[in-house]
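Thanks for sharing this one. Please have a look at the structure below, and then read on for my notes.

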Amino acid sequence: MRVLQLGSTGTDVMEIQALLKKIGYDPGPIDGIFGEQTRQAVINFQRDNNLVPDGIIGPNTYKKLNPLLLGYDTYYVQPGDTLWRIAQKYYTTLNRLLTANPGIDPYQLRIGQKLIVPFGIDVVDTNIDYTYEIMERDITGLKKRYPFIEVGVAGQSVLGRNLYYLKLGNGPNEVFYNGGIHALEWLPVPVLMRWIENFALAYSEGRSILGYDVRDIWNRSTIYIIPMINPDGIDLVLNGLQPDNPYYDELLQWNDTGEPFSQVWNANIRGVDLNHNYDALWYEYQELAEELGYGDPGPTRYPGPFPESEPETTAVVEFIQNHNFRLIIAYHSQGQVIYWDFENMAPPIAREIGEMFADVSGYELAETVGTASYSGMKDWFIQEYRKPGYTIETGIGENPLPISQIPMIYENNEELLLLAAVV
Ligand SMILES: [Zn+2]
């Protein structure tokens, strides 16, 4: 973590601002700019935590902020402690404490015993630029708070970032949701992460969400989620082109739009469009792409040198091959549309389920046309398995969509994600 102070800008500033706001210190607008109001919020936080109130986030202040970013603290039981007292001290609930420490006996605490203490706040923020680093930390925090979530790695990106998957449930009905395929279209990433958090909390409390019995879903189904399939591209969009990027010179050439990466880049870090890299009419698409001027690496629509040329694609292909998915959903933006077919290969039930999805989301059910209709993830899945596969376009307007749409996208898709696990 670099030192943050007046004048600092970036996604890390934004993350700290969101945290300060969440814990009751008003940093002003959550805009990634460390201004006077953010400095004052940091000073107030420092005063309350016996830190030197200099308004600068250096190692000591960061050490206090880090557990809050993770959403939990590590605590060693002291003489006279009870779980109730610890819960009070951390503004959290007994249920959260018990969930994070499975097998613990509340009446037999030992002095010095190590506990994971989840704070009362949510982990996943839906009001910030949601970078790979933030997602990675949130996954760590969620796993500690809800040890029943299984976390794994499906593969690596070109630059070696992990393609994390999270697994919810233990039932025989396997489904697969994913997002963050196109770099500009990262808004569904925090939506999926927040949905995981809410689902895990409801499961731990034995609650329903929108009338869906979460424990029942848990027993009937297993939900696999890869929230971010293109971490390198999303990093480029949110953090900009860094000098140490091994494709630095190439990327400057490949982006021939005259626009910054944050406005145009949808591909992975080698300029390959990850939703045109699957072996489903790939050669037909490639011819078309050449004609339309997408025959070389670039911000969008270049299908790569051959089908499944990219590690992000092969990771997904292998992940799907190693499971028995009843259906898959790939989240994109924009347009509030659900695409469900590929070359008339989808089974009749796929349309029926698609209509139910349209119903609960308010999105329109549609068939892909033109260049969008070849060599995508759902195309390949439908072609290989003849099972329901969907591309869901979320949000309204033109990419990149504003962060302010994340809550709406969540609302549109909360029930759809529950329904897809049991339909
Ligand atoms: Zn897309």
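Here are a few numbered points on the overall build and the nonpolar cores.

1. A word on the source to begin with: this is a predicted model. The protein chain holds 16 helices and 12 strands. Its radius of gyration is 22 Å, close to the 22 Å that the globule rule gives for 423 residues, so the chain is as compact as a globular protein of that length.

2. For setting up a box, you may like the extents: the C-alpha trace spans about 70 × 50 × 35 Å along its principal axes. Of the 423 residues in the chain, 48% are buried.

3. The chain is split into three parts: domain 1 (11-69), domain 2 (72-118) and domain 3, which is made of two segments, 132-232 and 309-419. Taken over C-alpha atoms, the centres of domain 1 and domain 2 are 27 Å apart.

4. Contacts reach far along the sequence. If you take those between residues at least 6 apart, 75% join residues at least 24 apart.

5. Now to the inside: the largest nonpolar core has 111 residues, and L192, I196, A200, I225, V237 and I329 are those with the most contacts within it. Helix 7 (residues 188-205) supplies the largest share, 10 residues. Domain 1 and domain 3 each give this core at least three residues.

6. Which residues does L192 touch, once its neighbours within four places in sequence are left aside? The partners are Y177, G179, I225, P227 and Y331.

7. Please don't overlook the second, separate core: it has 5 residues, among them L97, A100, V117 and F119.

Technical notes:
Residues numbered from 1 in each chain as written. Predicted model: local features only at pLDDT ≥ 70, side-chain atom pairs only at ≥ 80, totals over all residues. Domains from an automatic or database assignment. Core = buried A, V, L, I, M, F, W, Y, C linked by C-beta atoms within 7 Å. Buried ≥ 20, exposed ≤ 12 C-beta atoms within 10 Å, placed from the backbone. Helix = DSSP H or I, 4+ residues; strand = E, 2+ residues; numbered from the N terminus. Contact = placed C-beta atoms within 7 Å. Rg over C-alpha atoms; globule rule 2.2 N^0.38 Å.
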